[in-house]
Amino acid sequence: MSVDLQTVKRVAHLARIAVSEEDAERMNGELNAILGFVEQLNEVDVSGVEPMTSVTPMDMKKRSDVVTDGGKAADIVVNAPATEENFFLVPKVVE
């Protein structure tokens, strides 16, 4: 796949980027080089390769999925102007 000058200008317009004629020609070459590299990557057979999270094998660090109150309710409301039983009190806004 290759990109022509008209496509570069259209993409720049859609992205709301002001591109001069000189810059558009330069970007045309750069985008074609990037697309060429992506085509090379697509030629590699990765059918037997497992996805990795790191270059060294390791298990993901996980925590148990337990619902808690955080144990900090009193610390959170300590600076509030008005509280009741670790809840913020706010003025009534609906009559």
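Is E85 buried or exposed? With a relative accessibility of 68%, E85 counts as exposed, and the points below place that residue in the setting of the whole chain.

1. Nature of the model and its overall make-up. The structure is a predicted model, and every value in this note should be read with that in mind. The protein chain contains 3 helices and 2 strands, and when it is read along the sequence these elements follow the pattern α-α-α-β-β. The radius of gyration of the protein chain is 28 Å, well over the 12 Å that the globule rule gives for 95 residues, so the chain is more spread out than a compact globule.

2. Extent, burial and contacts. Taken along the principal axes, the C-alpha atoms of the protein chain fill a box of roughly 65 × 45 × 25 Å. Of the 95 residues in the protein chain, 7% are buried, and the accessible surface of the chain comes to about 9,300 Å², with carbon and sulfur atoms supplying 57% of that area. If one takes the contacts between residues at least 6 apart in sequence, 23% of them join residues at least 24 apart.

3. The salt bridge between two helices. The structure holds 3 salt bridges, and one of them pairs K9 with E21, where the closest N and O atoms are 2.7 Å apart. Because K9 lies in helix α1 (residues 5-14) and E21 lies in helix α2, this pair ties together parts of the chain that are 12 residues apart in sequence. Both partners are partly exposed: K9 has a relative accessibility of 38%, while the value for E21 is 41%.

4. The salt bridges inside helix α2. A salt bridge joins D23 to R26, with 3.6 Å between the closest N and O atoms, and these two residues both lie in helix α2, 3 residues apart, which is about one turn of the helix. The side chain of R26 also meets that of E30 in a salt bridge, at 3.0 Å from N to O; since E30 and R26 are 4 residues apart in helix α2, about one helical turn separates them. D23, R26 and E30 are thereby linked in a network of salt bridges.

5. Accessibility of the network. How do the members of this network stand towards the surface? D23 is partly exposed, with a relative accessible area of 28%, R26 is partly exposed at 45%, and E30 is likewise partly exposed, its relative accessible area being 42%.

6. A nonpolar patch. L31, I34 and V38 form a nonpolar patch on the surface, and together they have about 230 Å² of accessible area. Of these residues, I34 is found in helix α2, which covers residues 21-42, and the network of D23, R26 and E30 described above involves residues that also lie in helix α2.

7. The loop between the strands. E85, the residue of the opening question, has its place in the loop between β1 (83-84) and β2 (87-88), and it has a positive phi of about 50° although it is not a glycine. N86 is found in the loop between β1 and β2 as well, and it too has a positive phi, of about 65°, without being a glycine. E85 counts as exposed at 68% relative accessibility, whereas N86, at 42%, counts as partly exposed.

Conventions. Residues numbered from 1 in each chain as written. Predicted model: local features only at pLDDT ≥ 70, side-chain atom pairs only at ≥ 80, totals over all residues. Heavy atoms only, no water. Patch = residues over 30% accessible without salt bridge, like charges linked within 9 Å, V, L, I, M, F, W, Y side chains within 5 Å. Areas by Shrake-Rupley, 256 points an atom, 1.4 Å probe, with all protein chains shown as cover. Salt bridge = Lys/Arg side-chain N within 4 Å of Asp/Glu carboxyl O. Buried < 20%, exposed > 50% of the residue type's maximum accessible area, 1.4 Å probe, protein only. Rg over C-alpha atoms; globule rule 2.2 N^0.38 Å. Contact = heavy atoms within 4.5 Å.
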